[in-house]
Amino acid sequence: MQLLFDRRVRATLFGLWCLAWLVIAALLLAPLRSPASLSHGDLIGHFLCFGLLAFGAVGFSHRGVALTLLAALTIAGGVALEFAQGLVPYRTFDVLDMAANTLGAMVGYGAAMAVLLLVIRPAQEARAADA
């Protein structure tokens, strides 16, 4: 737990979060290897990617307002990437993918807030009491 309060660790986690954004954007805008199926089997992938992005922010951001803004950014980024898919000739815009991105980010945000309130804040208070 002590590592989450180290500035270098938090900066590294922020860098990894930014790298994850680049990787996800590249994957979502790259040409598909096989034709997209009509079954929407990729919805779980969309949900998990954006849920992990929203949840991952708690590693470097320990304030509720900042987490809320990062979750809103994650939702906006998921929506923007879906619209961008509609602009490239080899991908398609899909409202269900956009909904999965949004729902995943909301669930990830809820989990991040739970960790913040139930784990990180008590640890911060314990550190302050020991100091």
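Does Phe14 count as buried, exposed or partly exposed, and at what relative accessibility? In this predicted model, Phe14 counts as partly exposed, because its relative accessibility is 40%, and partly exposed residues lie between the limits of 20% and 50%.

Phe14 belongs to helix H1, where Trp17 follows three residues later, so that about one helical turn separates the two. The structure holds six aromatic pairs. In the pair of Phe14 and Trp17, the ring centres are 6.3 Å apart and the planes stand at 25 degrees; the pair is therefore stacked, since planes under 30 degrees apart count as such. Trp17, with a relative accessible area of 8%, is buried. Trp17 also pairs with Trp21, here in an edge-to-face arrangement with 6.2 Å from centre to centre and 85 degrees between the planes. These two tryptophans are both in helix H1, four residues apart, again about one turn of the helix. Trp21 has a relative accessible area of 15% and is likewise buried. Phe14, Trp17 and Trp21 join Phe50 and Phe60 in one aromatic cluster.

The surroundings of Trp17 extend beyond helix H1. Apart from neighbours within four places in sequence, Trp17 is in contact with Leu53, Gly56, Ala57, Phe60, Leu70, Leu73 and Thr74. Trp17 is also one of the residues with the most contacts inside the largest nonpolar core, together with Phe50 and Leu67; this core has 21 residues. At least two of its residues come from each of helices H1 (7-29), H2 (43-56), H3 (64-87) and H4 (95-130). Helix H4 gives the most to this core, namely six residues.

Methods. Residues numbered from 1 in each chain as written. Predicted model: local features only at pLDDT ≥ 70, side-chain atom pairs only at ≥ 80, totals over all residues. Heavy atoms only, no water. Core = buried A, V, L, I, M, F, W, Y, C linked by side-chain atoms within 4.5 Å. Buried < 20%, exposed > 50% of the residue type's maximum accessible area, 1.4 Å probe, protein only. Contact = heavy atoms within 4.5 Å. Phe/Tyr/Trp six-rings, centres within 6.5 Å; stacked < 30°, edge-to-face > 60°.
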